[in-house]
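Here's a quick walk through the model, meant for someone who'd want to know the empty spaces and the odd backbone spots before setting anything up. Have a look at the structure first.

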Amino acid sequence: MRDRPRLPSSPAFWRSPLRGTRFTAVLGLVLLGGITVMFVTGLVSYAAYNPDLSPVNDTTPDKGLLGFYLFDWPAGPSWLYRLTQGTHVTLGVTLVPVLLAKLWSVVPKLFALPPARSLAHALERLSLLLLVGGGLFEFTTGVLNIQLEYVFPGSFYPLHFYGAWVFMSAFVVHAALKTPAAVRAVRAVRERSTGDGGEGPVADEGRPASVPPVDEAGLASTRPAEPTISRRGALRLVGASSLLLFLTTVGQSLGGPLRRTALLAPHGGADPGGGPNGFQINKTAAYAGITEAETSADAWRLVVTGPAGTVRLSRADLLRLPQHSSSLPIACVEGWSTADQWWRGVRLRDLAALAGYDTAVPDLLVESLQRHGAFRRAALRANQVSDPRSLLALYVNGEPLSPDHGFPARIIVPALPGVHNTKWVARLTFGDL
Ligand SMILES: Nc1nc2c(c(=O)[nH]1)N[C@H]1C(S)=C(S)[C@@H](COP(=O)(O)O)O[C@H]1N2
Ligand SMILES: [Mo]
């Protein structure tokens, strides 16, 4: 056996017998479907923040034309954001092994020399750089955000949002160029394997050494080492890894007892404990700097402002207003969500009436007692304020809200991203934004 070439730019440097057009094609087609869903659910997630309603909601103020698709987020079905964001995060985690295997399968191409044979070739390679870099960037920022909870304070949304557009531009070009060949490669093997056995090779793994693999793209090694696993076996391994990630992640979006199966979900957060308030906590009262002194019956007043002027209500005043119940989940951008909780409190539209909006309900700016941090304010659209299920909640599951779930009062609105369900509410300002 000759010496192994030392430079990765030499095709003979790469010896895995697994590499080949079909292997890459199968992974590529899975990513084509999966990443398309990631992109759509990602854009939807951003629309759910109603960023064009108010600068308070807009995490990418410089998006310009990239916001062309934004639409008014509906207040239902109540599980809508659970579904779109649970899909986005769970699918993203599940696709990690596929992405890594796909990159591994084409890695020799990244080292190929000369760097560019022509202008067209140079452009193609540049788009690959954006594709690979953009893909790794999107997956890395996404995973870091769900695992470490906002490691890029304030900048996660812009990074992930602009990164997605760069990545998707390269992805569309790449998919347009490569999909036809990928489909051909997958079909070719299927035809051979369903053919009349005997004469021809049945599949890549059963192929006699003399029959060259389908390798239009030149991905197969020119000097393959002895196989230790078949191509099909390697694909099964990737599939099994994805399945394992899926099964240890999806529970966080299903909530209830299944949450315990979410071994990969972020841990180490506040322990929600048991009882009626025993469901996930995003940020604790202590973290947000909320003290008992300021939420006590004597100190806390809700300030409600509108055309009728300003009213100040104690918790006892609020409890004298008509009380209503809604079963609604909390669904966080990080992908976790709770099953429906039973909330009780005052309808936002009743508070709008108190502020002077008896007939047409307007938009609403909600502000928390919390003094610092990005989640202390949120703007809600009129359709969300007027929904009869939208509450300023005082109770959950039959008990007063715990300090960590927003005592004395919090917002709960159907289909709203968790982050806009403001806790420790101090001020409601009604009026078109
Ligand atoms: N004032 C305030 N409200 C807040 C937050 C916060 O940090 N501060 N976190 C938000 C986020 S990101 C989520 S997901 C929900 C979680 O609500 P929970 O902790 O009651 O489950 O509260 C939201 N309301
Ligand atoms: Mo959240």
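Let's start with the empty space inside. About 540 Å³ of it lies in the largest cavity, in what is a predicted model. In total, the structure holds three cavities of 30 Å³ or more. Which residues sit nearest the centre of the largest cavity? They are M38, G42, H88, E138 and H160, out of a lining of 28 residues. The elements that each give two or more residues to this lining are α1 (21–47), α2 (80–111), α3 (119–148) and α4 (156–194).

There's an open counterpart too: the largest pocket has a volume of about 1100 Å³. Its lining runs to 50 residues, with V106, K109, H174, K178 and L219 the closest to the centre. The elements giving two or more residues to the pocket lining are again α1, α2, α3 and α4. Here's how the two linings break down by residue class:

| Site | Nonpolar | Polar | Charged |
|---|---|---|---|
| Largest cavity | 18 nonpolar residues | eight polar residues | two charged residues |
| Largest pocket | 28 nonpolar residues | 13 polar residues | nine charged residues |

**How far to trust it**

The mean pLDDT of the protein is 90, and 91% of its residues reach 70 or more. Two stretches deserve some care, though. Over residues 195–204 the pLDDT stays under 50, and the model gives that segment 13 contacts beyond four places in sequence. Residues 206–211 are also below 50, with six contacts beyond near neighbours in sequence.

**The overall build**

The protein has eleven helices and ten strands. Its C-alpha atoms fill a box of roughly 85 × 45 × 40 Å along the principal axes. Of the 433 residues, 49% are buried. If you take contacts between residues at least 6 apart in sequence, 71% of them join residues at least 24 apart.

**Helix α5**

How does the span of α5 compare with what its residue count predicts? The helix covers residues 231–247, and its 17 residues should span 24 Å at 1.5 Å a residue; the end C-alpha atoms are 24 Å apart, so the two agree. The buried residues of α5 are R231, G233, A234, L235, V238 and S242. Several of those are spaced in a familiar way: an α-helix has 3.6 residues a turn, so residues three or four places apart point the same way. Among the parts that cover the buried residues of α5 are α1 and α2, helices that also turn up in the lining of the largest cavity.

**Backbone oddities**

If you check omegas, two cis peptide bonds are worth flagging. One runs from G76 to P77, with omega near 0°, and P77 lies in the loop between α1 and α2. The other joins F407 and P408, with omega about 10°; P408 is found in the loop between β8 (399–400) and β9 (410–412).

Positive phi values come up as well, in residues other than glycine. N50 has phi near 50° and lies in the loop between α1 and α2, the loop that also holds P77. W424 has phi near 55° and is placed in the loop between β9 and β10 (425–430). Are these two residues buried or exposed? N50 has 1% relative accessibility, so it counts as buried, the cut-off being under 20%. W424 is buried too, because its relative accessible area is 2%.

**Around Q384**

N50 also shows up in the surroundings of Q384, a residue of helix α11 (residues 382–386). Q384 counts as buried because its relative accessibility is 0%. Which residues does Q384 touch, once neighbours within four places in sequence are left aside? Its contacts are N50, W73, A75, S390, V413 and L416. So Q384 in α11 meets the positive-phi residue N50, which sits in the loop between α1 and α2.

Methods:
Residues numbered from 1 in each chain as written. Chains lettered and ligands numbered in written order. Predicted model: local features only at pLDDT ≥ 70, side-chain atom pairs only at ≥ 80, totals over all residues. Heavy atoms only, no water. 1 Å grid on protein atoms, 1.4 Å probe; cavity = no way out; pocket = protein on both sides within 12 Å on 5 of 7 lines; lining within 4 Å. Points joined across faces, edges and corners; volume = space filled by probe spheres on them. Helix = DSSP H or I, 4+ residues; strand = E, 2+ residues; numbered from the N terminus. Nonpolar A, V, L, I, M, F, W, Y, C, P; charged D, E, K, R; others polar. Expected span 1.5 Å × (residues − 1). Buried < 20%, exposed > 50% of the residue type's maximum accessible area, 1.4 Å probe, protein only. Contact = heavy atoms within 4.5 Å. pLDDT = per-residue confidence, 0-100.
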